[in-house]
There are 4 protein chains.
Amino acid sequence: MKLRMGMVGGGLDAMAGELHRRASALDSRVDFVAGALSSTPERSRAAAKAWGLARGYGSWREMLDAEAKLPATERIEFVTVVTPNHLHVPVSAAFAESGFHVACDKPIALSLQEAKQLCRVVEKSGIVFLLTHNYTGYPMVKQARHMVASGELGNLVKVVVDYPQGWLLQPLEQQGHKGAAWRTDPSKSGAAGCLADIGSHAQHMMHTVTGLDIEALCADFGHLHGRKVDDDISILLRFRGGARGILSASQVMAGEEGGPNFRIYGTRGALEWKQLEPESLVFRQPGQPVRILRRGEAYLCDAAKRASRLPPGHPEGYFEAFGNLYRNFVDAIEARRQGARTEHDFPTAIDGARTMAFIETALESNAAGGKWMRVKDHTH
Amino acid sequence: MKLRMGMVGGGLDAMAGELHRRASALDSRVDFVAGALSSTPERSRAAAKAWGLARGYGSWREMLDAEAKLPATERIEFVTVVTPNHLHVPVSAAFAESGFHVACDKPIALSLQEAKQLCRVVEKSGIVFLLTHNYTGYPMVKQARHMVASGELGNLVKVVVDYPQGWLLQPLEQQGHKGAAWRTDPSKSGAAGCLADIGSHAQHMMHTVTGLDIEALCADFGHLHGRKVDDDISILLRFRGGARGILSASQVMAGEEGGPNFRIYGTRGALEWKQLEPESLVFRQPGQPVRILRRGEAYLCDAAKRASRLPPGHPEGYFEAFGNLYRNFVDAIEARRQGARTEHDFPTAIDGARTMAFIETALESNAAGGKWMRVKDHTH
Amino acid sequence: MKLRMGMVGGGLDAMAGELHRRASALDSRVDFVAGALSSTPERSRAAAKAWGLARGYGSWREMLDAEAKLPATERIEFVTVVTPNHLHVPVSAAFAESGFHVACDKPIALSLQEAKQLCRVVEKSGIVFLLTHNYTGYPMVKQARHMVASGELGNLVKVVVDYPQGWLLQPLEQQGHKGAAWRTDPSKSGAAGCLADIGSHAQHMMHTVTGLDIEALCADFGHLHGRKVDDDISILLRFRGGARGILSASQVMAGEEGGPNFRIYGTRGALEWKQLEPESLVFRQPGQPVRILRRGEAYLCDAAKRASRLPPGHPEGYFEAFGNLYRNFVDAIEARRQGARTEHDFPTAIDGARTMAFIETALESNAAGGKWMRVKDHTH
Amino acid sequence: MKLRMGMVGGGLDAMAGELHRRASALDSRVDFVAGALSSTPERSRAAAKAWGLARGYGSWREMLDAEAKLPATERIEFVTVVTPNHLHVPVSAAFAESGFHVACDKPIALSLQEAKQLCRVVEKSGIVFLLTHNYTGYPMVKQARHMVASGELGNLVKVVVDYPQGWLLQPLEQQGHKGAAWRTDPSKSGAAGCLADIGSHAQHMMHTVTGLDIEALCADFGHLHGRKVDDDISILLRFRGGARGILSASQVMAGEEGGPNFRIYGTRGALEWKQLEPESLVFRQPGQPVRILRRGEAYLCDAAKRASRLPPGHPEGYFEAFGNLYRNFVDAIEARRQGARTEHDFPTAIDGARTMAFIETALESNAAGGKWMRVKDHTH
């Protein structure tokens, strides 16, 4: 039995919708049946028709009302929210309050306060919530997380995460490029540019793999072409427990395709991973040959093995990593149906709140000329 | 409108069926509706049910008869053949003769003669035929083919193709491993072991990218554990036009994950590609910096760009390459519907016959102690 | 005619002396004839004998006096100073004032003030002064410098330099390791640990390649095992002209061998180089294949070609880079003899002062809890 | 006390002489004092003067006579032979018969018969003989040899060695290029072109690391531009004991810098090494992470550690590998002086004979159209 999925946003010309559609379909455990895919009723319904959905709606409210009235055997079981960022919380909260599970694109919210509010809704409603920080779905990221957690690196000393891109090096927003336009317009994307767009992925990756909490940070941002939001960020980090870190991301690094990439150093060993070579995890130990761990091998941890669809020798990539989020989300929903409350191996609302605390603190640090600031609390 | 697909073979425990199912579904242009998935009627129907197919049959003949009687708007439009090798030709031919398009796993046949016979059936029937040599579906392979064809390498001088694997280093066939057992049993896999299993991929890759025809070859095979089929092959090649080559493949190279990998040298430049790093194509020119071409970039040829689903920075892999075969196959079927006869960018029956000529000649060369032999004709 | 070299410090058990001996001898243009190699007269003379030097002295003052009295055709023409750091300035200044050319190990001094003082002595004396920041001797570093200077990267936007080592991860200084002991003892190495030892190389590399001046910096240092000096540094940089940077170095990164490594991003392109793969320089341009420039090739700039001793295909390394400093230093001395004042392609006293300004500012920034500070002036 | 070296051949414009001069000087244990460096007396003496040698001779016979008459404390202790190939044996034999140790460039001879003859002279004279197959001087090659010999790879199954170059892709010999002219002129270089020039390095590397003896081979050669000698070779190998191999080398592979590179596969593991990345040795074992062993590390075998001059993090290269041959040769001469007969860790005359047997057999195999031939005996 497949789960029935609905989607809000992600209409025909949006890359995000297409990615979620493919990622959710990857394991044939999801039926995409309903959608309110665009901001106007006409385009919304047209998109649903073009994608062959059973039920196309004119707006997400219409969709929510209608689906809630359908019998349980017909209505969607979860909604994927790929709207512009400012709608993430209203849509997610409304569906959650009606008992629908929710998969929401990152960033979870425009503010920490809004994110915390959604956390409360999610907790109260008891639904399963997936925040699609897709890069942490890679099997070798799970392996890295496992190795840190099981002590193979000893106590952590230094963490370096970087997410280099180059696509905004030219002022595309002045040349009619839609994606560049909204990302560099604070009224649409919020005060954070590169920081929210990809710095958030870097921070989430760092937290997922290391489990470390940032205590304080010092941020310095750059921006080209008179942009009103950052397009290049450098942040020094101090973690609870004494480790230090550097987090950087950029959208103006000529010729760079993307990340995130990390290096994690502990008292006993170190790990290195690059998203563009996702099947290898480099493990260094003092006085030992460098070890390259490879996706699909029997020596990996269970979570890494479960996250793999093909044997070694058959490269997996971005879609499979994204698909792993949906796979584990679907597992969790099915477990929930049977009354089980399982450990979730995917990002959820609290991760989104943590990221918003990071973003808001970094914005303030940079605005203050690069002052060290304690990271805001994201839990209350 | 999606195309309706049926499948013969590929039941629940077979990796091949799963791969074809995923690859054909990748772009949401195919509905997998019917199948005769296993060799016994009970298991066959059970498998169809487990996969949620609309119509499960007890045998491929039953399926052929039943589908042929359905109205054109309901019956399958093509069949995917993932049976054991000896059934490839009978099943493909029967469906082709009834007007169904066919996607058939490699190797196309057990003998050159059988392959030629199937070529004639395909030609006569006018159907679209796909032979799933999936590795040639990678975008950067298409780019390499384009660069050779457009003369960027000059006249070809030397070609080196290698497909290294290590999974048969231990005698798994003596330890209950099914895949190892049939692959090393000449009564089931034919006289060629590694040669047919992966050497065929290496040969097809070589031909696809270079367009060169092998004139003569000299083969030397090895086998461990008293195996009756080769598990390691080394073949010297002389091409029509004067270029030379080395083709090797092995299933007993400790720790190797797979290939194929190629290096192609011409009078003006050279290309290198490795399947485990499929997003990069290395281009060397005398007196120039080495150039690394990357998947997804605007400077690639049209076929390479069409074969890409994600922008740079988002790794694609094996499934996408496989999916490209189905995508182009579906395009061809749809063009055929409208009366068009398009250039096919995928392997077809004649490629299968060419590979069988290569395999038979290599077997004879090795059996003769490593004599140079002219490659058999595959066209008449 | 070879130049006659003397050495102060670098006795038998010191790696630095051995490196300088080999590097200066590499092109057979230097005769190492005299030395005051150790801190006690006996060991000093014994070392000179063991190395087969013509003249062994008990102390550097004895050496200076004696050599100054020799006829010009016999006395040393330059002295290499590889003493503990606190003697760099006194020894160098004394020899310079007597008209000997000087090659001095880095760091040039213990303080900015001392460094400036030495700059004045060097300028007044008119001698040729070499500061052995050896990593900038690599041919591909010269190529990078050339490409930045000639505008191939456009205006610089972001610079990232890293020097990762792991050898101080364990408290070797508590286990009788001499090199670890003096490096972590502020009374011997000064207040800066990793910062002075290798951070200085990173800063010098950054300046050499980019030509950028640091306007302000913000430093955050770590130290393990209760060390009194830093063993891990992270520094944010703002350059005059608007570019930004990150400079990091560590001696506690498990399993890391060393650097420095840099990535330099401009409005038109970017360069990447790693000291452990010194023969390749990666050049990225938006919308172009990645280019790998290789040592020894005819397309490189003159300075890079001159810095090469072997054709491509024959790896060069650390010694050759170090030797390039001595080669250019010897060229400069010979030019000076003939009255010419040539452009020097090697680090000199002013580079040392610039580095000391960087070090002192970084120490103060870190001590202030990570405050942004304007970099001190090193020119007056 | 340094050893006194003489040189025959290697005059000012020859790369080989320069390489030997540098390599022998690397550890300051050799004094280069005498030479007959060129084929005419005038140029020979001029070259000696230019290099500052104590004694320049007009011919090698003059040098031999004069040096033999000098007192033992003055005369050269060994001679380096870097003449054109046809003089290797006459010069080496004459010096050996007079009791001088000999370092001779490869190939040792023009024919197997001549090589065997020299072996007899060397054995009878009791001198130390070094054949300068320099690539086997790399530390990680010694490590590979050690791992094979100590059984870490199990029984060997397959060996692949390749030496790709591209510098003869254009007909340089028709454009006044001296090195290209003599190498492609059978009257000067012998019947073997690429085979003798670099194929010999590949064969020697293969034998050194694996210890395997070739039982039979099958060769196929190519040549561009109407050359009378091969410029591209592909050779299948069968080793005593059952392993198989592929040896290839080329001087017409566009953009390739050089090799040799090897992959060695056994029943328990595999090794991979590339000369352009000489500091890493890749070790694969079934079911294990890939291990990268690095030069300079404490876990390496003694021979590899002894062959290292710098700690990890400081790249070594071609000169150091070449220098290791001289270092071990000097050690052996010094041991000999003291009456010891030590194991030699460097190539010697018998290696040269083995290579000549390989070359002659390969030439005959290719001439016969690519027939399998048993390799000639090189020991009697």
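**Helix packing and chain contacts in a predicted assembly**

Let me begin inside chain B, where the crossing of helices α4(B) and α5(B) is left-handed, a crossing being called left-handed if the near helix is turned anticlockwise from the far one by less than a right angle, and right-handed if clockwise. Before going on, I should say that this is a predicted model, in which local features need pLDDT of at least 70 and side-chain atom pairs count only at pLDDT 80 or more, while totals for chains, interfaces and linings use all residues. Residues are numbered from 1 along each chain as its sequence is written, and chains are lettered from A and ligands numbered from 1 in the order in which they are written.

The axes of α4(B), residues 88-97, and α5(B), residues 112-125, come within 9 Å and cross at roughly 15 degrees; such axes are lines fitted to C-alpha atoms, for helices over the stretch in contact, with angles running from 0 to 180 degrees between N-to-C directions. That makes α4(B) roughly parallel to α5(B), given that angles under 35 degrees count as roughly parallel, over 145 as roughly antiparallel, 65 to 115 as roughly perpendicular and the rest as oblique. On the α4(B) side the contact is made by B:Val89, B:Ser92, B:Ala93, B:Ala96 and B:Glu97, and the residues from α5(B) include B:Leu118, B:Val121 and B:Val122, where contact requires C-beta atoms, placed from the backbone, to lie within 7 Å. These residues divide into 6 nonpolar, 3 polar and 2 charged, with Ala, Val, Leu, Ile, Met, Phe, Trp, Tyr, Cys and Pro counted as nonpolar, Asp, Glu, Lys and Arg as charged, and the others, Gly among them, as polar.

A second helix pair, in chain C, gives another geometry to look at. Helix α9(C), residues 194-210, and helix α12(C), residues 349-367, pack at an angle of about 120 degrees with their axes 10 Å apart, which makes α9(C) oblique to α12(C). The crossing of α9(C) and α12(C) is right-handed, and among the residues that meet there are C:His204 and C:His207 of α9(C) and C:Arg354 and C:Phe358 of α12(C). By class, this contact has 5 nonpolar, 5 polar and 2 charged residues.

Now to the relations between chains. A rotation of 180 degrees with 0.0 Å of shift along its axis superposes chain A on chain C with an RMSD of 0.0 Å, the fit being by least squares on the C-alpha atoms of residues with pLDDT of at least 70 in both copies. That is the relation of a two-fold axis, and in chain A the C-alpha nearest the axis is that of A:Lys371, 3.5 Å from it.

The contact between these two chains takes 33 residues from chain A and 33 from chain C. Strand β10(A), residues 244-250, is one of those that supply at least two residues to the side of chain A that touches chain C, and β10(A) gives the most, with 4 residues; strands are DSSP runs of E of at least two residues, and helices runs of H or I of at least four, numbered from the N terminus.

Chain A can also be laid on chain B by a turn of 180 degrees and a shift of 0.0 Å along the axis, with an RMSD of 0.0 Å, and here the C-alpha of chain A nearest the axis is that of A:Gly317, 2.7 Å from it. In this case 15 residues of chain A are in contact with 15 residues of chain B, and the side of chain A has 7 nonpolar, 6 polar and 2 charged residues.
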